[in-house]
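Visitor: I'm new here, and I'd like to know where the labels come from. Could you walk me through a few of them?
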Amino acid sequence: MKKLCEIMDTNIDVLVSGIKINSKKVVPGDVFVCTDMGTLDRHDFIDDAISKGAVAVVVKKDVGEKIVPIIKVDNPNDVLPVMCSKFYDEPEKKLTMIGVTGTDGKTSVSTMVQTLLGSDKCGYIGTNGYSCSKFNKDTNNTTPDSDKLYGYLSEFVDAGCTYTSMEVCSEALMRGRVKNISYDISILTNITSEHLNIHGSLENYINDKCKLFSQTKENGYCILNKDDEHFDRALKASKGHVLTYGADADNDLYFKDVKLLPGKNIFTIVYKNQEYLIDSPMAGYFNIYNLSAAILTLFALGYSFDDFSENIKKLHVSGRLELINKGQDFYVMVDYAHTPNGITKLLEYVKLLPIKRSIVVIGQAGERDPYKRKDVGKIVSDNSDLAIFTYEDPRSEDPRDIINQMIEKIDKHNYEIIIDRSEAIKRAINVARPGDMVMILGKGNETYQKLKDRTIYFNDIEEASKWLEERLKKDS
């Protein structure tokens, strides 16, 4: 516990046992901070927070007198991370902070960095939760709100970690969730059009992404994908020493002699005129970029190739190119790909494999980027033998409306519509023939579906495994 005056600029010395921005999560002793969430005004929940035991409230606007102290500030979003950092004894300053941003590849790169460093040394925060060698826990956001984030960092410190490798999403940068963190290393994977419903325009989206590079320490490193079309924008924003990676020899680290094989990549990287042969279990051309970024990060941290080369064999990112094998004579893959760029790159990779037909199960999220739905639908139809369109976190939208937008530009008759995602996965597995590839895209290893009136437990890997086992029983 700390006094309020110890974690923010006030003379109020009430004891605080926690910091919350969600009134539903408030417990006695918490201070409630009314952050701006765009569509949600947390000032409307002050009375609820007080009724649950909040001992103080931080606000932006006048709310009248309450039975607990009210502290008015210019911007609660700016104050929150400072409060949280002080409450948890500034854990971000006790860790080497590595931030990864980009439209696609954040989870893969940040997980690869953790694996190469070792989970006993490095914590991970992102889409797949937060973890180190001592625990693996779920999170609600790719980049958690500050009231949770600094608690996670504190847990890493307590677990003996000295590094944190974390995904930094554009919304977190826009909302200021990580504004108080100076990163030792920041990494750019790529930037393509995404989340325009939140940012309003591609220009705003790029600007928000590039905030990460302006938050890098001057003696730190910005590790940039020189092959990305928005590289120059990231370069201009970069404060640390810039290191680049890509396919051409004018990069600090480049790759060559690429062999794409089912379930693995073999290629050579060149760094400081030294060549290193890479045999990686992370397949797909895009994962050559991802692993190059991770390896360049280890070099920037002062490690030699021999220090981490054995850990390359251990690389695995849950829900990314996840092959499910129950002894069937066809392939089943679960992958998180949900953006036009991510889906295109994945389907391009699959075309190189020695398979017969490709069957894709996919939907698009409700209340998210409606402009891209018709593009995703056409990409899948054009690049697969059978597309099965289904729901994916429809939220308040009718999944039928979402699917109708997805099929708007399709000019082939190679698709089916099955609203229920479990039934869609079952259908794909049951129509698969020997040598086919079934791909279940969009959710990866996520464990939920957000429906109109509730959130339910749902996991694509478990569903695929269940229907595979049922088919095998029938076939035996």
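Guide: Sure! Keep in mind that this is a predicted model. Let's start with Thr101, which stands opposite Leu188 in strand 12.

Visitor: What makes strand 7 and strand 12 a pair?

Guide: Two strands pair if there are at least two bridges between them. Strand 7 (residues 96-101) and strand 12 have four bridges, in the parallel sense.

Visitor: Which other strand pairs with strand 12?

Guide: Strand 13 (residues 216-225) does, also in the parallel sense and over four bridges. There, Ile187 stands opposite Ile223. As for cover, six of the six residues of strand 12 (residues 183-188) are buried.

Visitor: How do you know that Lys106 has no salt bridge?

Guide: Look at its nearest side chain of opposite charge, Glu167, which is 5.0 Å away. A salt bridge needs the side-chain nitrogen within 4 Å of a carboxyl oxygen, so this one doesn't count. Lys106 is buried all the same. You'll find Lys106 in helix 4 (residues 106-117), and the residues it touches include Thr101, Glu167 and Lys209.

Visitor: How many aromatic pairs are there?

Guide: A search of the whole structure finds 14.

Visitor: Why is the pair of Phe255 and Tyr289 called edge-to-face?

Guide: Their ring centres are 5.0 Å apart, and the limit for a pair is 6.5 Å. Their planes stand at 80°, and angles over 60 degrees count as edge-to-face, so that's the label. Phe255 lies in strand 15 (residues 253-261) and Tyr289 in helix 10 (residues 285-300), so the pair ties together parts 34 residues apart in sequence. Both Phe255 and Tyr289 are buried.

Visitor: And why is the pair of Phe389 and Tyr415 called tilted?

Guide: With centres 5.8 Å apart, these rings also fall within 6.5 Å. Their planes are at 55°, which is neither under 30 nor over 60 degrees, so the pair is tilted. Phe389 is in strand 21 and Tyr415 in strand 22 (residues 415-417), so this pair ties together parts 26 residues apart in sequence.

Visitor: What makes Phe389 buried and Tyr415 partly exposed?

Guide: Buried means under 20% relative accessible area, and Phe389 is at 0%, so it counts as buried. Tyr415 has 30%, which falls between 20% and 50%, so it is partly exposed.

Visitor: Where does the charged end of Lys137 sit?

Guide: Over the ring of Phe135, 4.9 Å from its centre. Lys443 lies over the face of Tyr448 too, at 3.9 Å from the ring centre.

Conventions
Residues are numbered from 1 along each chain as its sequence is written. This is a predicted model: local features need pLDDT of at least 70, side-chain atom pairs count only at pLDDT 80 or more; totals for chains, interfaces and linings use all residues. Side-chain values use heavy atoms; hydrogens and water are left out. Helices (H or I, at least four residues) and strands (E, at least two) are DSSP runs, numbered from the N terminus. Buried means under 20% relative accessible area, exposed over 50%, partly exposed in between (1.4 Å probe, protein chains only). Lys and Arg count as positive and Asp and Glu as negative; His and the chain ends are not counted. Contact means heavy atoms within 4.5 Å. Rings of Phe, Tyr and Trp (its six-membered ring) pair if their centres lie within 6.5 Å; planes under 30 degrees apart count as stacked, over 60 as edge-to-face and the rest as tilted. A charge sits over a ring if NZ of Lys or CZ of Arg is within 6 Å of the ring centre and within 35 degrees of the ring normal. Lists of a residue's contacts leave out its neighbours within four places in sequence.
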